[in-house]
Amino acid sequence: MVASGKGGSGTSTLTVNLAFVLANTGARVLVCDMNVGLRNDDIYLGMENRVLFDLGDYIGGVCSLEKAVIRSDSNENIYLLPCPQGKDVPGINSQSMKEMFDKLRSAFDFIIIDCPVNIGKFLEITAENADAALLVTTPDFVCIRNTDAVSRKLESKGLRNRVFVINKVTETTLQNEPSLEWISQTMDIPLAGIISFDEDISLCNNRGVPAAQEGSLYCVKTFLEIAARIVA
Ligand SMILES: Nc1ncnc2c1ncn2[C@@H]1O[C@H](COP(=O)(O)OP(=O)(O)O)[C@@H](O)[C@H]1O
Ligand SMILES: [Mg+2]
């Protein structure tokens, strides 16, 4: 699962870029968008016009899991389970999610779950089903404090395997507080990578082709290194 304590940190960006890096090694990767009501990953993956059914339709019995999960046109190893836009998933609970993930686990090498920014039911349900967490923070005090709070929430749910990345780092942030050392000490879990603020990443998101696929060499290398550390 990929999570953060503040919107805009780069949770969805990390999700789709890690998906591409892992898919390019030949692994079958499912991106599961848990931002119920306000979905993201269909646009970042260039699959907006492909979405017919979603997580809510599957949980509500409207369609099968096979119908809800769609395959990317640009990378045959990437699949997306979109969540509903503008509405909730009323019947969702730990049991229905566990049953769903049990089915999905056997079909994919990696399932990357893009989490919403709150300590609500979707974060809790996801934590109960996840093997590992990637926490995303920016070098901002508010984001660090809240991402640490999310990390501790996951710990309380028994999710010990947690690492974090610092996103949107610039020359200026490096020369000011909070320092990278302070961020690391505060987060108190292993650092899996540092990502520069780079307009290329945003432009790629808008084009629906993640930077790990088509961005600068620097972007590709950064996401590759983070994926390698997480999977190791
Ligand atoms: N390293 C980066 N450099 C520049 N822009 C970024 C970077 N990471 C993310 N963004 C941009 O920041 C915005 C928020 O990113 P997003 O991944 O949607 O955040 P979240 O899912 O945490 O709300 C998007 O416009 C995205 O393109
Ligand atoms: Mg997001």
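This is a short dialogue about the pockets, the ligand and two backbone features of a predicted model.

Student: What should I know before I start?

Tutor: This is a predicted model, where local features need pLDDT of at least 70, side-chain atom pairs count only at pLDDT 80 or more, and totals for chains, interfaces and linings use all residues. Residues are numbered from 1 along each chain as its sequence is written, chains are lettered from A and ligands numbered from 1 in the order in which they are written, and side-chain values use heavy atoms, with hydrogens and water left out.

Student: How do I read a pocket?

Tutor: Rolling a probe the size of a water molecule over the atoms shows where empty space is left. On a 1 Å grid over the protein atoms alone, a pocket is an open set of points where a 1.4 Å probe fits, with protein on both sides within 12 Å along at least five of seven lines; lining residues have an atom within 4 Å of a point. Here, the largest pocket holds about 660 Å³ of space. Its lining has 27 residues, with Met-1, Phe-110, Ile-111, Ala-132 and Ile-230 closest to the centre.

Student: How do the residues of that lining divide by class?

Tutor: Into 21 nonpolar, 2 polar and 4 charged. Ala, Val, Leu, Ile, Met, Phe, Trp, Tyr, Cys and Pro count as nonpolar, Asp, Glu, Lys and Arg as charged, and the others, Gly among them, as polar.

Student: Which pocket does ligand 1 sit in?

Tutor: The second largest one. "Sits in" says that more than half of the molecule's atoms lie within 2 Å of the pocket's grid points. This pocket has about 350 Å³ of space, and its 26 lining residues divide into 8 nonpolar, 13 polar and 5 charged.

Student: Which residues come nearest to ligand 1?

Tutor: Gly-8, Thr-13, Tyr-44, Asp-198 and Asn-205, out of 17 around the ligand; a residue is near if one of its heavy atoms lies within 4 Å. For polar contacts, look for pairs of N or O atoms within 3.5 Å. Oxygen atoms of ligand 1 lie 2.7 Å from a backbone N or O atom of Gly-8, 2.8 Å from one of Thr-11, and 2.6 Å from a side-chain N or O atom of Thr-13. Taken alone, ligand 1 exposes 560 Å² (Shrake-Rupley method, 1.4 Å probe), and the protein buries 83% of that.

Student: What about the backbone?

Tutor: Most residues other than glycine have a negative phi, and most peptide bonds are trans. Lys-168, in strand S7 (strands are DSSP runs of E, at least two residues; helices are runs of H or I, at least four), has a positive phi near 65°. A cis peptide bond joins Glu-177 and Pro-178, with omega about -5°. Pro-178 is in the loop between helix H8 (171-174) and helix H9 (180-187).

Notes. A polar contact is a pair of N or O atoms within 3.5 Å; within protein, one must be able to donate a hydrogen and the other to accept it, and residues adjacent in sequence count only if both atoms are side-chain atoms. Grid points are joined across faces, edges and corners, and a volume is the space filled by probe spheres set on the points.
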